[in-house]
Amino acid sequence: MSGKHVLALSGGVGGAKLAAGLAAVLPPEDLTIIVNTGDDFEHLDLTICPDIDSVTYALAGLNDTERGWGVKDETWQAMAMLKALGEADWFNLGDRDLGIHLARSWRLRAGESLSDVTTRLTRSLGIAHAIVPMSDAPVRTQVRTQEGWLDFQRYFVAEQCRPVATGIRFDGVPSAMPSPAFAAALAREDLGAIVICPSNPYLSVDPILAVDGIREALEARKVPLVAVSPLVGGTALKGPLAKLLGELGQPVSNRAIADHYGDLLDHLIIDEADAADAEGLRAGGLSVTITGTVMCDAEVRERLARVALSAARIETG
Ligand SMILES: O=c1nc2n(C[C@H](O)[C@H](O)[C@H](O)CO)c3cc(O)ccc3cc-2c(=O)[nH]1
């Protein structure tokens, strides 16, 4: 019998939506969601893990779908006070969101691993599926610009991705080991498929692939690897992917996504608005599914999750 456990690799926003779709159609024992921690940083003495929180809030039904990050029905009293006190206010922490940062930060300081803290917080929010940081060791994404190397959140939030990016690096790799649950999921006898969620390949998925031994493990996989493209209609729905592709000298098309993942990729799911890309991709030997990938509600998230699982030959009920 072929394995049925699914390993999903996810960044924030778009990735979190598909992760929630996968969690809606797979039981907890059949899914492990590995999350990028390259966006993490220390701010006001708090450990901020934006992608872990985006996935957590999406699975808990707490995510703000308009803003794309943080908690819905958020209030901003603490930020207003911080601002009045003249403290750093470039990175917005909502009142409810602050709660998760306080809980995470003191538990980390008390010596718990990021994996254990994440399990504790997600379980407390009623999430039965495994949300797993890619590594318990700090990995920090940095973007090279004309102003020098910028920490990811400086580039993304403070600078609004305005500087031209000429390079990306992940501080902390290659020495960062995969988290115990990541290593265990990869080694499972019943591993059936790997799904790369529609996250930015350069900023959100590459940090996961850069963790010690991960790229090699994925190259040696015996199961299908399916990716959902983050591009829709030749651009990114949110975030700097389209701008970044141009700055890194890549075409803003699914060809660039396929080339970037290279031999790792068995199957690419592209949006119907990019159907014209399919012929070229297939001519290059890649198997392609064309479908709607804009996850505007739970129904579409679940449908796309089923499409991805079917492409990976995983049966769902
Ligand atoms: O554009 C912003 N993104 C914010 N994000 C998103 C964050 O920058 C992520 O890295 C992106 O979602 C990229 O995945 C937050 C995420 C959190 O978990 C907590 C707070 C923030 C605050 C901001 C913010 O002020 N501005």
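Of the 317 residues in this protein, 52% are buried. The structure is a predicted model, and it contains 13 helices and 14 strands. Its radius of gyration comes out at 19 Å, close to the 20 Å that the globule rule gives for 317 residues, so the protein is as compact as a globular protein of that length. Laid along the principal axes, the C-alpha atoms fit in a box of roughly 60 × 45 × 40 Å.

The chain also folds back on itself quite a bit: take the contacts between residues at least 6 apart in sequence, and 67% of them turn out to join residues at least 24 apart. On the outside, about 13,600 Å² is exposed, with carbon and sulfur atoms supplying 51% of that area. As for charge, there are 28 positive side chains and 42 negative ones, yet the centres of the two sets sit just 1 Å apart.

Now for the inside. The largest nonpolar core is made of 47 residues, and Leu9, Phe182 and Leu268 have the most contacts within it. Helix 8, which covers residues 201–210, gives the most to this core, with five residues. A separate core of 35 residues lies apart from that one, and its members include Ala58, Val195, Leu304 and Ile314. Back in the largest core, Leu268 is worth a closer look. Not counting neighbours within four places in sequence, Leu268 touches a whole list of residues, among them Ala227, Asn254, Ile257, Leu281 and Val288.

Helix 2 is a nice case of a helix tucked away. Ten of the eleven residues in this stretch (residues 50–60) are buried, so helix 2 is largely enclosed by the rest of the structure. The buried ones run from the nonpolar, including Ile52, Val55 and Leu59, to Asp51 and Asp53. Ala58 is on the buried list for helix 2 too, and Ala58 also belongs to the 35-residue core. Just past the end of helix 2, Gly61 takes a positive phi of about 70°.

Helix 8 offers something else to look at in Ala210, a residue of that helix. Its relative accessible area is 23%, and since buried means under 20%, Ala210 counts as partly exposed. Setting aside neighbours within four places in sequence, Ala210 is in contact with Phe170, Val173 and Pro174. Ala210 and Val139 are 71 residues apart along the chain, while their C-alpha atoms are 9.5 Å apart in space.

Methods: Residues numbered from 1 in each chain as written. Predicted model: local features only at pLDDT ≥ 70, side-chain atom pairs only at ≥ 80, totals over all residues. Heavy atoms only, no water. Helix = DSSP H or I, 4+ residues; strand = E, 2+ residues; numbered from the N terminus. Rg over C-alpha atoms; globule rule 2.2 N^0.38 Å. Buried < 20%, exposed > 50% of the residue type's maximum accessible area, 1.4 Å probe, protein only. Contact = heavy atoms within 4.5 Å. Areas by Shrake-Rupley, 256 points an atom, 1.4 Å probe, with all protein chains shown as cover. Lys, Arg positive; Asp, Glu negative; His and termini not counted. Charge placed at Lys NZ, Arg CZ, Asp CG, Glu CD. Core = buried A, V, L, I, M, F, W, Y, C linked by side-chain atoms within 4.5 Å.
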